[in-house]
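Q: I have just opened this one and would like a slow walk through it. Could we start with the charges and go on from there?

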Amino acid sequence: MLDKEIMEKLAALVGQDNILTGKMDRLTYSYDATADLPRQMPDVVVLPTDSNMVQAIVRFARKHRIPIYPRGAGTNLSGGTVPIKQGIVLSFQKMNRILDVDPANLTAVVQPGVVIGALNAAVAPHGLIYPPDPGTVATATMGGSAAENSGGLRGLKYGVTKNYIMGMEVVLANGDKVRFGGKTVKNVTAYDFATLFIGSEGTLGIITELTAKLIPAPRFRRTMTGAFSTLADAGNAVAGIIAAQVIPATLEIMDRMTIQTVENFAHIGLPTEAEALLLIEVDGMSADLVQAETEAVIQVVRDNHGDLCTAETDQERDQLWTARRNALPALASLNNTVILEDATVPRSRITDMLVACEQIGKKYNLALGTFGHAGDGNLHPTILCDKHNKDEMARMHQAVDEIFQVALEFGGTLSGEHGIGMAKMRYLGNELGESGLNLIRTIKESLDPDYLLNPGKMVPAHEV
Amino acid sequence: MTETTTATRPNKTYHDELAIIRAELDKCMKCGNCMAVCPVYGVERKEAAVTRSKVAVAQAVLDGDLELDDPEVYEMAFNCLVCKSCMINCPTKVNFDRIMLALRAALVRKNGLPWLKKMIFSTLRHPKLFDAGMRLGATMQSLVFRSEKESRAISPRSPFALAGGAIGFDAERKLPGLNSTPLREQVPEVVRVTNPVASVAFFTGDSLNYFYPEAGRDLIEVLTANNIEVHIPKGQNCCGVPVLVHGDIDTVRTLARNNIDIFEATGCDYLITGCGSCGGAWQHDYSELLANDPVYGPKAEKWAKQTYDISTFLTRIIRLRAPQGRIDKVVTYHDSCHLKKSMGVAVEPREILRLIPGVTFREMSAPDTCCGSGGSYVLTHFQTASTIGRKKAEDIDRTGAETVSVGCPACMMQLLDNVHRFGAYQEVTHFISLLAESYRREKN
Ligand SMILES: Cc1cc2nc3c(=O)[nH]c(=O)nc-3n(C[C@H](O)[C@H](O)[C@H](O)COP(=O)(O)OP(=O)(O)OC[C@H]3O[C@@H](n4cnc5c(N)ncnc54)[C@H](O)[C@@H]3O)c2cc1C
Ligand code: SF4
Ligand code: SF4
């Protein structure tokens, strides 16, 4: 606990309106969207209103050696914002202004607390979009998604957050404020700083402003589903679509367990006998091109014994999308604890990974459903368990260990989009090796030698 | 065993015991989807305002990590409009209204009602003025309020306005005038028609009875214009929702039982409401409140199935006679939370509006966002409510409509105030009054 004098000084620094100290308020910042993690209350929550205030807070915290946890909407799935060592939660909920929309340069400048969906709403009248769209677009912030390098449903064709951040303002742990990048399409001045801070999960610096790249909104699109009676057929269809040189905007998969659960939850007429369902959307600027791609996809689905269904109207399209959007909630409604994993494999190993997940679920006698972004190999094996059942929770942990082990064996990665945070820190060495861990620590320690920025996340500190 | 018997009825409901709500709390996966829609969070931008945090606080109270009498917990429990927007957006279907009501009821059990009331109005430094504004009979209101003829609204007189500024009773405040003769005294207990096709009982609720009796009369007129016999039992009382949301469970149960008796006595097959909160009470709250009552529980369940909003009754149960009188107006429609989110009524009022010759219907960009009324919320949290109301008024403005139609009198009051403060003085009308007006104009 911080002593009274320090708290008073902090309050004076940021103003009474921008600080929360009550127990109840602190409790509400003790968790994020990640299940099955320890909770911890911060000593204090500060809601800065501009980057100068952020700078002042960082300098103050450094002087008094208080940890700082930057926080956007707290929707991350890796325990990235739990203030595990107490200290200051720095919440960007109030820094939510869109500073500039520039249709001529296809850019927007935003404060970190701007919600992704709000940016999209602001640029829509110009016929533009900001493509990264995690399932949480309506709530997640630009700062949080940059720090997490979020992906989403359009990742296959349009890329992830790192492809859309052109510049930043960052407050470093030493209190310096740096700005780099900007509206120029090309910029090779010095190191690629944006890449350094993207995906850094709040451990290297605090993002106080972002310049985002926008693109013209695609004007035509077609949505369809393919239902398959074997996982292999579905996996081959994914590979086949890419081999046919079609890059759909969305290429999503659901396994049998997910299909059945979604159907029970939402009653939208999904093929519950199928082993796997693909949701495919192609889009583009010309009707001809979209039509040609649609035909190619249809051919591949048929070649792989898939049952095809195309959306002819917006309403039908919405229905198909509802199915995908309902995947997680439907699964989540089955029990009180949802463990949503993020194992990702090279595209060619999708089928293998799906089969492996199914077997792991059986082996540990768990309710395990898999859905995800098949097109980019990013799967979300999801385990439903009862937090009050110790035995089941233990089996769940074993299953998760095994899922990651298998993913790495397939040449995959621990995380396709949700980051490492607290949840996957212990597996990090398995993917990066000791030298990799040392590199991470070298970078961390040169920027934040005292481990004051988001300690206990991502970077496994040296054992002391 | 076909009938629900005492044995199968629970001993207690979540209104009586907070722990019963635990399963509901477990459903929340902290995904944060509720942040996108919670109007209170939209204004306050801190976690304690968001649904998921309110769930976490209820959990902490149950686990003994926070105390029920912690003033912060108290404040949080009442910093909610119970608008149910979060529930509509919740992927795992957390029934948040139940959590909120269970928590409030627990607060009342722990601390007693007088203390509670004191706390509710702790922000109101002048409870007498508040009382005067809300409850003084019509004969007295001219002492406190000056009337404004053109808008049919009244505002507080200046000495009161000064004192009441902090809670929104400033000179700008617009309220509907209290009517000298309440609706139920203006109409006979049964309004008969020559060839009745059905007979319905009309639950007026307090606001149609005292504040908007003319809308109540319009509702009756519309029904009779469709050959429906209307019973308006005199002995009915308040639906109880205003008390329910303050956790006074005993009182609501008494009100509910009385209402059930009175409506049983009408012998009607349908119960009609013109207010989302009243309708929601009959459709959901009564059966939940009386779940452990062997006598009234089954009756409440029966009435739940027989209750219809006037718009649903007109469009789904009978097919209303298409109105012929022209009303040349641009009209928009506000989805009241309880009407849309409790009763599931959204399409029907729009259908009715579109039937009226001359009406140009224009949708707001977000017609179903809360207007910020939330019963007494507007009084206890005036600043937040007012910011919410301003957003609504701006959305109404952008449609260019001259009339904003609504299906809930509580919203009418809040909208009336806000279109005057922040809007373009749009007319605020119950949709049923537009329909009644169209029927009336047929005759000319
Ligand atoms: C139902 C559901 C669906 C999801 N779907 C997806 C999906 O499809 N794809 C995907 O990628 N993710 C998804 N997520 C995860 C999550 O929503 C994203 O990672 C999101 O971008 C996080 O944004 P946030 O604002 O909530 O950040 P937070 O959770 O608040 O923070 C995330 C990380 O960023 C850091 N941070 C926050 N703000 C700053 C800042 N200004 N400067 C420096 N560091 C900062 C935090 O310290 C933390 O480490 C999903 C989550 C849920 C609950
Ligand atoms: S949307 Fe529902 S499940 Fe998600 S955090 Fe809110 S209340 Fe919980
Ligand atoms: S009921 Fe309305 S005000 Fe209350 S938490 Fe839900 S969305 Fe917010």
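A: Before the charges, a word on counting: Lys and Arg are taken as positive and Asp and Glu as negative, while His and the chain ends are left out. Please also keep in mind that this is a predicted model.

Q: OK, so how many positive and negative side chains does chain A have, and how far apart are the centres of the two sets?
A: Chain A carries 41 positive and 53 negative side chains, and 6 Å separates the centres of the two sets.

Q: And what is chain A built from, in helices and strands?
A: Chain A contains 15 helices and 18 strands. Along the principal axes, its C-alpha atoms fill a box of roughly 70 × 60 × 40 Å.

Q: What does the radius of gyration say about chain A?
A: The radius of gyration of chain A is 23 Å, and because a compact globule of 464 residues would have a value near 23 Å, the two agree.

Q: What share of chain A is buried, then?
A: Of the 464 residues in chain A, 58% are buried. Chain A still exposes about 18,700 Å², with 51% of that area supplied by carbon and sulfur atoms. As for contacts in chain A with a separation of 6 or more, 72% of them are between residues 24 or more positions apart.

Q: Switching to chain B, what are the counts there?
A: Chain B has 24 helices and 12 strands, and buried residues make up 61% of its 444 residues. Its exposed area is about 17,300 Å², of which carbon and sulfur atoms supply 52%. Among the contacts in chain B that join residues at least 6 apart in sequence, 77% are between residues at least 24 apart.

Q: Which residues of helix H18 in chain B are buried?
A: Helix H18 of chain B, residues 310–317, is mostly covered, with 6 of its 8 residues buried. The buried ones are Ile310(B), Ser311(B), Thr312(B), Phe313(B), Leu314(B) and Thr315(B).

Q: How many residues does each chain bring to the contact between them?
A: Chain A brings 31 residues to the contact and chain B brings 26 residues. The area buried between the two chains is about 2,400 Å², and carbon and sulfur atoms give 58% of it.

Q: Which three residues of chain B supply more of its buried area than any other three?
A: Those are Asp26(B), Arg45(B) and Glu72(B), which supply 24% of the area that chain B buries against chain A.

Q: Back to chain A: is Asn378(A) buried or exposed?
A: Asn378(A) counts as buried because its relative accessibility is 4%, which is under the 20% cut-off for that word. Asn378(A) sits in strand S18, residues 378–385. Setting aside residues up to four places away in sequence, Asn378(A) touches Asp342(A), Ala343(A), Thr344(A), Gly372(A), His373(A), Gly416(A) and Glu417(A).

Q: Then where is Thr337(A), and what does it touch?
A: Thr337(A) is in strand S16 of chain A, which covers residues 337–340, and at 4% relative accessibility Thr337(A) counts as buried. Apart from neighbours within four places in sequence, the contacts of Thr337(A) include Ala35(A), Ile383(A), Leu384(A) and Met393(A). The C-alpha atoms of Thr337(A) and Met285(A) are 42 Å apart, with their positions 52 residues apart along the chain.

Q: What about Pro271(A), which C-alpha distance is given for that one?
A: For Pro271(A) and Ala227(A), 44 residues apart along the chain, the C-alpha atoms are separated by 7.0 Å. Pro271(A) lies in the loop between helix H9 (256–266) and strand S14 (276–284) of chain A, and with a relative accessible area of 23% Pro271(A) is partly exposed. Beyond neighbours within four places in sequence, Pro271(A) is in contact with Ala227(A), Ile259(A) and Leu277(A).

Q: Last topic, backbone angles: what is phi for Met458(A) and for Asn227(B)?
A: Met458(A) has a positive phi of about 55° although this residue is not a glycine. Met458(A) is found in the segment after helix H15 (428–447) of chain A, and is buried, with a relative accessible area of 14%. Asn227(B), also a residue other than glycine, has a positive phi near 60°. Asn227(B) lies in the loop between helix H13 (213–225) and strand S6 (228–231) of chain B, and its 33% relative accessibility counts as partly exposed.

Note on methods:
Residues numbered from 1 in each chain as written. Chains lettered and ligands numbered in written order. Predicted model: local features only at pLDDT ≥ 70, side-chain atom pairs only at ≥ 80, totals over all residues. Heavy atoms only, no water. Helix = DSSP H or I, 4+ residues; strand = E, 2+ residues; numbered from the N terminus. Rg over C-alpha atoms; globule rule 2.2 N^0.38 Å. Buried < 20%, exposed > 50% of the residue type's maximum accessible area, 1.4 Å probe, protein only. Contact = heavy atoms within 4.5 Å. Areas by Shrake-Rupley, 256 points an atom, 1.4 Å probe, with all protein chains shown as cover. Charge placed at Lys NZ, Arg CZ, Asp CG, Glu CD. Buried area = accessible area lost by both parts, 1.4 Å probe.
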